[in-house]
Amino acid sequence: PISATPPSRGYSLLVFVPPWPGARVPHAWRKTLDENGVIFVTAAHSGNDAPEVTRRMPLALDSYASIRARYPVDPQRVYVGGFSGGARVALRLAIAYPDLFRGALLDGGSDDIGSALVPLPDRPLLRQAQDHLRLVYLDGTADETNAPARARTSMASARDLCIADVHELSMFHRGHEPADVATWGRGLQLLEQARPSPSADADTCRARVEAEVARAIA
């Protein structure tokens, strides 16, 4: 249920890409979403069996637009997330549309940023990702499907591209399953925290990345 009286600065919004075919909220997450004042939106028939570029990504963007049209949403608190294969799509959306999404909650799924699976946007959008995108990785230490080492290579690729606001929350002895309530709540709270100021070497890092991209294009 959405409160009849919205927060003064608008609602927080989490666009969720599922691995399963139905549009549902894992029951264990509902109370935490309500406590944090987060609208959760997800699309049916956008699971791992659906095409990524022609269905899963467009449905996530349509879900975002639908909620923005119906409720007052704080544009500074719009996030994308997913579980398993949905988390991989969520990461691609976060990198492609940092002008829409201020953070990503990646539960049990990730790829290297800058690879064919998560291509880089053009320079202005990459700058926005470097400026304000926050990535929160949730991984189970016993997850054999998306091993923690895979999440760490994704995090390393983000930092190498000067996306420095990256966090990892490990779930000990947990396999490939949706995040437990406590970790899910911590992930949401991390997304909502104030953004840090750019580090002293941010400009040097960005200049290096732009030179590497220019060389690759040449």
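In which sense, left-handed or right-handed, does H4 pass H7? The model in which this question is posed is a predicted one, and the crossing of H4 over H7 proves to be right-handed. The contact between the two helices is made by Arg123, Leu126, Arg127, Gln130 and Asp131 on the side of H4, and by Arg206, Val209 and Glu210 on the side of H7. Sorted by class, the contact of H4 with H7 comprises five charged residues, two nonpolar residues and one polar residue. Helix H4 covers residues 123–132 and helix H7 covers residues 202–217; their axes lie 12 Å apart, and the packing angle is about 150°. Because angles over 145 degrees count as roughly antiparallel, H4 is described as roughly antiparallel to H7.

Helix H7 also takes part in a covalent link. A disulfide is a covalent bond that joins the sulfur atoms of two cysteines. A search of the whole structure finds one such link. It is formed by Cys162 and Cys205, whose sulfur atoms are 2.0 Å apart. Cys162 sits in the loop between helix H5 (148–160) and S6, whereas Cys205 belongs to helix H7; the pair, 43 residues apart, thus links distant parts of the chain. With a value of -95° about the S-S bond, the link of Cys162 and Cys205 is left-handed.

The loop that holds Cys162 leads to the sheet, through S6. In general, the strands of a sheet pair through backbone hydrogen bonds, in either a parallel or an antiparallel manner. Here the sheet is open and has six strands in the order S2-S1-S3-S4-S5-S6, with parallel pairing. Strand S2 (38–42) and strand S6 (166–171) are the edge strands, and each of them pairs on one side only. On average, neighbouring strands of this sheet are turned by 20° against each other, direction ignored. At one edge, strand S5 (residues 134–140) pairs with S6 in the parallel sense over six bridges. Val136, for instance, has His167 as its bridge partner in S6.

Which strands does helix H3 lie across? Helix H3 (residues 85–96) lies across strand S1 (11–17), strand S3 (73–83), strand S4 (103–107) and S5, and runs at about 145° to S3. Helix H3 also meets another helix: the axes of H3 and helix H2 (residues 52–70) come within 11 Å and cross at roughly 75°. Since angles of 65 to 115 degrees count as roughly perpendicular, H2 is roughly perpendicular to H3. In this contact, Glu52, Val53, Arg56, Met57, Ala60 and Leu61 of H2 meet Gly85, Gly86, Val89, Arg92 and Leu93 of H3. The residues of the contact of H2 with H3 divide into six nonpolar, two polar and three charged.

A further helix pair remains to be considered. Helix H1 (residues 27–35) and helix H6 (residues 181–192) have axes that come within 9 Å and cross at roughly 35°. H1 passes H6 in a right-handed crossing. From H1, the residues Ala28, Trp29, Thr32 and Leu33 meet Val181, Trp184, Gly185 and Leu188 from H6. The contact of H1 with H6 has six nonpolar residues, two polar residues and no charged residues.

Definitions and conventions. Residues are numbered from 1 along each chain as its sequence is written. This is a predicted model: local features need pLDDT of at least 70, side-chain atom pairs count only at pLDDT 80 or more; totals for chains, interfaces and linings use all residues. Side-chain values use heavy atoms; hydrogens and water are left out. Axes are lines fitted to C-alpha atoms, for helices over the stretch in contact, and angles run from 0 to 180 degrees between N-to-C directions. Helices (H or I, at least four residues) and strands (E, at least two) are DSSP runs, numbered from the N terminus. Angles under 35 degrees count as roughly parallel, over 145 as roughly antiparallel, 65 to 115 as roughly perpendicular and the rest as oblique. A crossing is left-handed if the near helix is turned anticlockwise from the far one by less than a right angle, and right-handed if clockwise. Contact means heavy atoms within 4.5 Å. Ala, Val, Leu, Ile, Met, Phe, Trp, Tyr, Cys and Pro count as nonpolar, Asp, Glu, Lys and Arg as charged, and the others, Gly among them, as polar. Two strands pair if DSSP finds at least two bridges between them. A disulfide is a pair of cysteine sulfur atoms within 2.5 Å.
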